[in-house]
Amino acid sequence: MACLGAALGLRCTTRALAMPPSRRAGWLALGSAAIGSGIWTMHFIAMMGFTVGEVRISYDMLVTFESLLVAIAVVALGVFLVGFAGRTPPAVLAGGCVTGLGIAAMHYLGMRGMRLRGDLEYTLSTVVLSVGVAVLAATVALWAAVSVRRMYAGVLAGLVLGFAVTAMHYIGMAALTVHLHSDAREGAAGAGPAASLAPVLIGPVVFLFLSGVVVALDPPVGEVAPEPAPARGRRSSRADRSSRAVHASRFREGPRERQ
């Protein structure tokens with residue numbers, strides 16, 4: 001899911017950069033939603049397999065959906081920055097930092113929505129490492145997506161970002177220590193986290209596949225004809241006038257030669 005969302009999002013970003021500025025916002029918004037939905041879906045699919053002994057784990061749905069909105073909103077800041085500021089190194093670096101921070105914010109806000117009878121503690125150095133991996137991966141992926149216009153570059157950048165986001169998730173989980181309460185195992189029977197998470201994952205998964213259909217039906221970026229420059233148009237018009245003048249001159253000289 002992380003690779004799919006990243007590949008779709010970066011493809012939309014590349015597509016937006018080939019459009020006039022007035023038409024970029026739609027593609028950039030779709031790309032931001034795809035990246036945010038992809039990493040959010042990956043996170044909670046992975047959390048289905050997270051257990052702490054026999055302790056019951058549930059999730060606060062409000063905080064869970066807040067993490068999705070934060071992921072999409074912060075990633076959008078980074079993607080729109082690259083989309084409208086251009087392919088300059090400062091824009092790509094700033095966009096990568098913001099996008100990476102959005103990915104990390106989604107992870108730790110999503111963890112904040114986890115409910116169990118215990119306290120969560122994080123190792124600061126490992127948390128910093130996980131954030132650094134997210135920022136580095138997002139910067140490299142954005143650079144590849146906007147610098148190399150071929151299809152394989154976008155796919156490769158999506159795979160890099162997807163695998164790096166997944167690595168960031170597990171690095172973040174390695175920073176976690178759970179201190180259980182004395183009564184943590186009381187009332188542990190009941191449905192596991194998959195029962196509460198699976199229904200809320202349906203929407204983002206469907207959205208990702210629909211986004212894939214939109215991107216697949218869109219013509220390749222290379223087929224978009226660039227807008228002609230004004231100077232080039234003036235040269236072409238002068239050449240046309242010169243050609244018509246030569247043609248008229250030959251037409252007038254024709255009867256003289258026959259006489």
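**Salt bridge, helix packing and long-range contacts in a predicted model**

The structure holds one salt bridge, a term used here for a side-chain nitrogen of Lys or Arg within 4 Å of a carboxyl oxygen of Asp or Glu. The model is predicted, and local features therefore need pLDDT of at least 70, side-chain atom pairs count only at pLDDT 80 or more, and totals for chains, interfaces and linings use all residues. Residues are numbered from 1 along each chain as its sequence is written, and side-chain values use heavy atoms, with hydrogens and water left out.

The salt bridge is formed by the side chains of D60 and R115, with an N to O distance of 3.2 Å. The pair links distant parts of the chain, 55 residues apart: D60 lies in the loop between β1 (58-59) and α3 (61-85), whereas R115 belongs to strand β2 (residues 114-115). D60 is partly exposed, with a relative accessible area of 27%. R115 likewise counts as partly exposed, at 37% relative accessibility. For these assignments, buried means under 20% relative accessible area, exposed means over 50%, and partly exposed lies in between (1.4 Å probe, protein chains only). In general, side chains of opposite charge can pair when their charged atoms come close.

The protein has eight helices and four strands. Helices (H or I, at least four residues) and strands (E, at least two) are DSSP runs, numbered from the N terminus. From the N terminus on, the order of the elements is α-α-β-α-α-β-β-α-α-β-α-α. Of the 259 residues of the protein, 42% count as buried. The accessible surface comes to about 13600 Å², and 65% of this area belongs to carbon and sulfur atoms; accessible areas come from the Shrake-Rupley method with a 1.4 Å probe, and for residues only the protein chains shown count as cover. Among contacts between residues at least 6 apart in sequence, 87% join residues at least 24 apart, where contact means heavy atoms within 4.5 Å.

At the N-terminal end of the element order, helix α1 (residues 2-17) packs with helix α2 (residues 24-47) at an angle of about 170°, and the two axes are 7 Å apart. This angle makes α1 roughly antiparallel to α2. Axes are lines fitted to C-alpha atoms, for helices over the stretch in contact, and angles run from 0 to 180 degrees between N-to-C directions; angles under 35 degrees count as roughly parallel, over 145 as roughly antiparallel, 65 to 115 as roughly perpendicular and the rest as oblique. The residues of α1 that meet α2 include G5, L8, G9, C12 and A16, and their counterparts in α2 include W27, L28, G31, A34 and G38.

Helix α2 also contains F44, which is buried, with a relative accessible area of 0%. Leaving aside neighbours within four places in sequence, F44 is in contact with Y59, T64, S67, G110, L197 and L201. One of these partners, T64, is found in helix α3 and is buried, its relative accessible area being 0%. Beyond its neighbours within four places in sequence, T64 is in contact with W40, F44 and Y59.

M48 is placed in the loop between α2 and β1 and counts as partly exposed, at 26% relative accessibility. Outside its neighbours within four places in sequence, M48 is in contact with P193, A194, L197, A198 and L201. Of these, A198 lies in helix α7 (residues 193-217) and is partly exposed, with a relative accessible area of 35%. A198 and M48 are 150 residues apart in sequence, yet 8.5 Å apart in space, C-alpha to C-alpha. The C-alpha atoms of F44 and A198 are separated by 8.7 Å, with their positions 154 residues apart along the chain.

A nonpolar surface patch of about 350 Å² is made by L136, V140, L156 and V160. The elements that give two or more residues to this patch are α5 (124-147) and α6 (151-174). Patches are made of residues with over 30% relative accessible area and no salt bridge, with like charges joined within 9 Å and nonpolar side chains (Val, Leu, Ile, Met, Phe, Trp, Tyr) within 5 Å. L156 is placed in helix α6. Helix α5 also holds T139, which is buried, with a relative accessible area of 14%. Apart from its neighbours within four places in sequence, T139 is in contact with V92, L93, G96 and C97.
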